[in-house]
Amino acid sequence: MALILFFDYNPNSHDTIRQLDAFPYQLDECWLSGKMGQIGESI
């Protein structure tokens, strides 16, 4: 998970990570909705 987050943050590999569907979209949803404390419940 840490490597996925690292490479997603890197502008050179961000698009590749997203195209491969390697990034958990539930994490994006929690981040955007302000529910980061509930991340364990949604994955």
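Is His14 buried, exposed or partly exposed? With a relative accessible area of 28%, His14 is partly exposed. The views below start from the whole chain and then zoom in on a handful of residues, and keep in mind that this is a predicted model.

**View 1. The whole protein is built from helices.** Count them up and you get four helices and zero strands. Reading from the N terminus, the order of elements is simply α-α-α-α. The protein has 43 residues, and 16% of them count as buried. About 3500 Å² of the protein is exposed, with carbon and sulfur atoms supplying 60% of that area.

**View 2. His14 reaches over to Asp8.** Look for His14 in helix H2. Its side chain gets to the backbone oxygen of Asp8, at 2.9 Å. Leaving aside residues up to four places away in sequence, His14 touches Phe7 and Asp8. Ile4 makes a handy landmark here too: His14 and Ile4 are 10 residues apart in sequence, while their C-alpha atoms sit 9.4 Å apart in space.

**View 3. Asp8 is a buried residue with several contacts.** Asp8 belongs to helix H1. Its relative accessible area is 10%, and buried means under 20%, so Asp8 counts as buried. Which residues does Asp8 touch, not counting those up to four places away in sequence? They are His14, Ile17, Arg18 and Phe23. Two of these names come back in the next views.

**View 4. Arg18 and Asp8 meet in a salt bridge.** The side chains of Arg18 and Asp8 come together at 2.8 Å, N to O. This pair links distant parts of the chain, with Arg18 in helix H2 (residues 14-19) and Asp8 in helix H1 (residues 2-9), 10 residues apart. As a bit of background, side chains of opposite charge can pair when their charged atoms come close. How many salt bridges does the count come to? The count is one salt bridge.

**View 5. Arg18 also sits over a ring.** Stay with Arg18 and bring Phe23 into the frame. Arg18 lies over the face of Phe23, at 4.0 Å from the ring centre. Phe23 is also among the residues that Asp8 touches, and Asp8 is the salt-bridge partner of Arg18.

**View 6. Phe6 and Phe7 make an aromatic pair.** The count of aromatic pairs comes to one. In this pair Phe6 and Phe7 are edge-to-face, with 5.1 Å from centre to centre and 80 degrees between the planes. Is Phe7 buried, exposed or partly exposed? Phe7 is partly exposed, at 36% relative accessibility. You have met Phe7 before, as one of the residues that His14 touches.

**View 7. Asp21 has a positive phi.** Most residues other than glycine have a negative phi. Asp21 is not a glycine, yet it has a positive phi of about 55 degrees. Where should you look for Asp21? Find it in the loop between H2 and helix H3 (25-33). Asp21 has a relative accessible area of 53%, and the cut-off for exposed is over 50%, so Asp21 counts as exposed.

**View 8. Ala22 shares the frame with Met1, Ile4 and Ile17****.** Ala22 lies in the loop between H2 and H3. Its relative accessible area is 32%, which makes Ala22 partly exposed. If you skip residues up to four places away in sequence, Ala22 touches Ile4 and Ile17. How far is Ala22 from Met1 in space, C-alpha to C-alpha? The distance is 9.5 Å, for two residues that are 21 residues apart in sequence. Ile17 ties this view back to View 3, since Asp8 touches Ile17 as well.

Notes: Residues numbered from 1 in each chain as written. Predicted model: local features only at pLDDT ≥ 70, side-chain atom pairs only at ≥ 80, totals over all residues. Heavy atoms only, no water. Salt bridge = Lys/Arg side-chain N within 4 Å of Asp/Glu carboxyl O. Helix = DSSP H or I, 4+ residues; strand = E, 2+ residues; numbered from the N terminus. Phe/Tyr/Trp six-rings, centres within 6.5 Å; stacked < 30°, edge-to-face > 60°. Buried < 20%, exposed > 50% of the residue type's maximum accessible area, 1.4 Å probe, protein only. Lys NZ or Arg CZ within 6 Å of the ring centre and 35° of its normal. Contact = heavy atoms within 4.5 Å. Polar contact = N/O pair within 3.5 Å; in protein donor to acceptor, adjacent residues only side chain to side chain. Areas by Shrake-Rupley, 256 points an atom, 1.4 Å probe, with all protein chains shown as cover.
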